[in-house]
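Biologist: I have a new model open and want to learn how to read it. Can we go through it feature by feature?

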Amino acid sequence: MRSDSLLNEAVRGPSGPRKHRMLPSWVATTALLLPTYAWLTLAVLLPLLTMLVFSFMSATPMGKAPITFTLKHYRAFIDQPYLLNIGWTSLVIGFWTTLLCAIFGFLAAVALARATVGRMRETLLILILLPFWTNGLVRVFSWTMVLRENGFLDNVLHMFFADAGSISFLYSRYAIVLGLVHGYLPYMILTCYIALVTIDDAIIEAAASLGARWWTILFRILIPMATPGLISGAVLTFVPVIGSFMEPRILGGKVGVTMGTVIEDQFTQAFNWPLGAALSFTLLAVVLAIFATFSGVLRRGAAA
Amino acid sequence: MTNVKVDAVAKTYGSTKVLTDISTDFVEGSFTSLLGPSGSGKTTLLRIIAGFIKPDEGVVTIGNNDVTNVPVWGRNIGMMFQSYALFPHMTIAQNVAFGLERRGIKGAAARKEVDRALEMVRLSGFADRMPKQLSGGQQQRVALARAMVIKPSVLLLDEPLSALDRRLRQEMQVELLRIQRESGLTTIFVTHDQEEALTLSDTVAILDKGRIVQTGKPAAVYERPTTRFAAEFLGDSNFLEGKVEGGAVRLASGTVVRTASMLPANGTDVTLAVRPEKMMISAGEPGTNRLDARITTVIYAGPVLSYLLETPDGMSVKLFAQNKDGVVLKQGDTISLDWSPEHTIAVAS
Ligand SMILES: Nc1ncnc2c1ncn2[C@@H]1O[C@H](COP(=O)(O)OP(=O)(O)O)[C@@H](O)[C@H]1O
Ligand SMILES: [Mg+2]
């Protein structure tokens, strides 16, 4: 009975017909939100906080070395300028991956949202979700099979042009971006799809009746209206891609040194957790700065 | 002068024939309603004229051009939707200018056209608002301005007013009619609301199961329905069934009813339709048809009283009377009904 009226309160709001028997609405709101925030604290904030503490330590707290407070790890980019290059590489990879995901993901989402023939939509959705169901390591390694010299790609090429050389581009940034696009495309497709399915068909038909061809509809109607989906897709892609280490290591080989692999090395090889933590937070700060700039530009663009 | 012409159009989805052999002309500058029950194919026909659907057979002509194979964006049509379908991320002015831009009209010239269109729908001060800041009726007027500003060859409307409440709908009907008259734009209006069709249209086309069963001026279609369906769907009707006998019709009860309609040969079964408001509580006038009936229900609707009656042999009859003296007759009273042979229409069943 008690929880029942609590729910009623939350659903109907304080002006509901059973007002006289109910708790004030803020109690219900708090009660309903509490589990969510408790979980977020446990799963996100606490680990993050631990890492933040680590990043100010002089050594990993599991060794014998005495621990003191230091800011030196945050000077890494100044003390070791080659990190700047690596950071730049990560940003470039993140940029291209996000851009390619946005282009292909948006078009795929349009196809998905507009597919109306029979069970086409379900089939497409399953094809899109397939990468999610494959183990990431398997997915990335299978690309090495395709891309390596005399791999699948070369074999197909030689079937048509027997004398052609190898077009293998394994162990290059292109291979890294390709592997990352493959892995993160579903996020972009899904966020764009969610934004696109809410667009009323009549809006698109109205545009067509006014003389708009498909590209006008795409650039003047669909993209502006689905911008929230594109932005969340971009965030969901860019952030993990910048920190990714599996794709750069396996598909990048020697050129696959990125912030992700450097940070991972600190935790697994160099046993320098404080440096790894400090680099992570520096990276986080850079990403947040990029988003802040970007959202400012977007807002000004929308206001103009 | 014909502006839009549909010739022998047919459309089938799977095994359902949605439209069968539709041929009709839409006269230049006229207001035509496509009227029919839900599922009769009105929307499909309108969308075939617009170009959203390709007919399986037949030809659509706009102006002097066969547009059957021309896509929507090349047809120069104005379209209004039930859901308004304004572009939510554009201001009112940008919404209205969208079609002008597609025609290469930009800058000051476009601004002038937009202002004029917004003035036409009485929304001059709203150019810089966003659609969601406007009420439903205002949004629908923006949609009308957006459709009209491109000077379309034909204006197509699919139940554009059915999302509005009654008062607003009536206001919009008046507005729509005024703008249509001023612009002289050929207009095709889909509705399932018979009153709306009667008040707005120059021509009403009644659809039933994918066929146009009757076309004509509202008064002509109302006064002279040719089929039982038309007589029933457009307004109310009493139906009397009988056999032709010597230039009149003998009902099962033996009552002989005379009609001004042409009748088939003696002995043929016919259905006669009589509007409830054409029947009168008997004044004993000669030369009229007459039935005796008992009142089963009196419905008081303000200006009009509806009587539901039953004849001795069990036939139901409905009668509408002007409320001149209030409720005088009551349930159980037996009365005589009079009506003129002029108002007795033989219809195909
Ligand atoms: N895309 C479609 N696929 C299958 N059946 C359809 C389709 N569109 C319409 N129909 C059918 O065609 C008939 C007429 O539909 P419609 O033109 O929308 O009628 P109305 O507008 O008069 O209500 C309906 O029975 C409907 O179910
Ligand atoms: Mg319809």
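Modeller: Start at the ligand, and remember that this model is predicted. A polar side-chain atom of B:Lys42 lies 2.9 Å from an oxygen atom of ligand 1.

Biologist: Which other side chain has an N or O atom at 2.5 Å from an oxygen atom of ligand 1?

Modeller: That is B:Thr44. Look at the backbone too. B:Gly41 places a backbone N or O atom 3.0 Å from an oxygen atom of ligand 1.

Biologist: Which residues are around ligand 1?

Modeller: Take the run B:Pro37, B:Ser38, B:Gly39, B:Ser40, B:Gly41, B:Lys42, B:Thr43 and B:Thr44. Then add B:Tyr13 and B:Val18.

Biologist: Next, the sheet. How do I read strand order?

Modeller: Begin with the general idea. Strands of a sheet pair through backbone hydrogen bonds, either parallel or antiparallel. Now the case here. Chain B has an open sheet of five strands, in the order β13-β12-β11-β14-β20, with antiparallel pairing.

Biologist: Why do β13 and β20 of chain B each have one side without a neighbour in the sheet?

Modeller: Both stand at the edges. β13 (256–257) and β20 (345–347) of chain B each have a single partner strand, so one side of each has no neighbour in the sheet.

Biologist: How many bridges join β11 to β14 in chain B?

Modeller: Six, between β11 (residues 238–245) and β14 (residues 269–274) of chain B, and the two run antiparallel. To find your place, pick B:Gly242; B:Val270 in β14(B) stands opposite.

Biologist: Now the two chains. How do I read where they meet?

Modeller: Count residues, then area. On chain A, 17 residues are in contact with 21 residues of chain B. The area buried between chain A and chain B is about 1700 Å², and carbon and sulfur atoms give 67% of that.

Biologist: Which residues of chain A lose the most area to chain B?

Modeller: A:Ser209, A:Leu210 and A:Arg220. Together they make up 38% of what the chain A side buries.

Biologist: What about charged pairs?

Modeller: Two salt bridges are counted between chain A and chain B. In one, the side chains of A:Arg220 and B:Glu101 meet at 2.6 Å, N to O. Between the chains, five residue pairs are in polar contact.

Biologist: Which elements of chain A give two or more residues to the side that touches chain B?

Modeller: α9 (201–209) and α10 (214–225) of chain A. The largest share, seven residues, comes from α9(A). By class, that side of chain A has 10 nonpolar, three polar and four charged residues.

Conventions:
Residues numbered from 1 in each chain as written. Chains lettered and ligands numbered in written order. Predicted model: local features only at pLDDT ≥ 70, side-chain atom pairs only at ≥ 80, totals over all residues. Heavy atoms only, no water. Contact = heavy atoms within 4.5 Å. Buried area = accessible area lost by both parts, 1.4 Å probe. Salt bridge = Lys/Arg side-chain N within 4 Å of Asp/Glu carboxyl O. Polar contact = N/O pair within 3.5 Å; in protein donor to acceptor, adjacent residues only side chain to side chain. Helix = DSSP H or I, 4+ residues; strand = E, 2+ residues; numbered from the N terminus. Nonpolar A, V, L, I, M, F, W, Y, C, P; charged D, E, K, R; others polar. Pairing = 2+ DSSP bridges. Near = heavy atom within 4 Å.
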